[in-house]
Amino acid sequence: MSMAVAGLLAGMALGFAGFFGGFGAFVLVAALGAIGFVVGRFLDGDLEAGEFFRPRRGDRDERRR
């Protein structure tokens, strides 16, 4: 499935949730979709658990100079 089709399905799901369930359902579906996306990337091997806990390299202020 292409990313365009996945985006289309996600948009339709959010639209239905917002229309039938209101704003609370919209936010819940969006949050669960984001969690599912991260879990899917993790299971595909695109993410490693250490990437969430490792400090960034370089300081933000150093890049501004």
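Helices are DSSP runs of H or I that hold at least four residues, numbered from the N terminus. Phe 16 has its place in one of these, helix α1. The model examined here is predicted.

The protein chain contains 2 helices and 0 strands. It has 65 residues, and 2% of them count as buried. The accessible surface of the chain comes to about 5800 Å². Carbon and sulfur atoms account for 66% of that surface.

Helix α1 covers residues 3–44. Its path is not that of a straight helix. A straight helix of 42 residues would span 62 Å, at 1.5 Å a residue. The end C-alpha atoms of α1 are only 15 Å apart. A bend was found at Gly 21, where α1 turns by about 145°. Residues on the two sides of Gly 21 were then compared in space. Ala 10 and Val 29 are 19 residues apart in sequence. Their C-alpha atoms, however, lie 9.2 Å apart. Ala 10 has its place in helix α1. Its relative accessibility is 40%, so Ala 10 counts as partly exposed. The cut-offs explain the label: partly exposed lies between the buried limit of 20% and the exposed limit of 50%. Just after α1 comes Gly 45, which takes a positive phi of about 95°.

Aromatic contacts were examined next. The structure holds 3 aromatic pairs. One of them joins Phe 16 and Phe 20, and this pair is stacked. The ring centres are 6.1 Å apart, with 10° between the planes. The two residues are 4 apart in helix α1, so about one helical turn separates Phe 16 from Phe 20. Phe 19 and Phe 20 make another pair, and its geometry is edge-to-face. Here the centres are 4.9 Å apart and the planes stand at 85°. Together, Phe 16, Phe 19 and Phe 20 form one aromatic cluster.

The accessibility of these rings was also considered. Phe 20 has a relative accessibility of 62% and therefore counts as exposed. The cut-off for this label is over 50%. Phe 19 is exposed as well.

The three phenylalanines also belong to a nonpolar patch on the surface. The other members are Met 1, Val 5, Leu 8, Leu 9 and Met 12. Together, the residues of this patch have about 960 Å² of accessible area.

Notes. Residues numbered from 1 in each chain as written. Predicted model: local features only at pLDDT ≥ 70, side-chain atom pairs only at ≥ 80, totals over all residues. Heavy atoms only, no water. Buried < 20%, exposed > 50% of the residue type's maximum accessible area, 1.4 Å probe, protein only. Areas by Shrake-Rupley, 256 points an atom, 1.4 Å probe, with all protein chains shown as cover. Phe/Tyr/Trp six-rings, centres within 6.5 Å; stacked < 30°, edge-to-face > 60°. Patch = residues over 30% accessible without salt bridge, like charges linked within 9 Å, V, L, I, M, F, W, Y side chains within 5 Å. Salt bridge = Lys/Arg side-chain N within 4 Å of Asp/Glu carboxyl O. Expected span 1.5 Å × (residues − 1). Bend = angle between axes of the 7 residues up to and from the residue.
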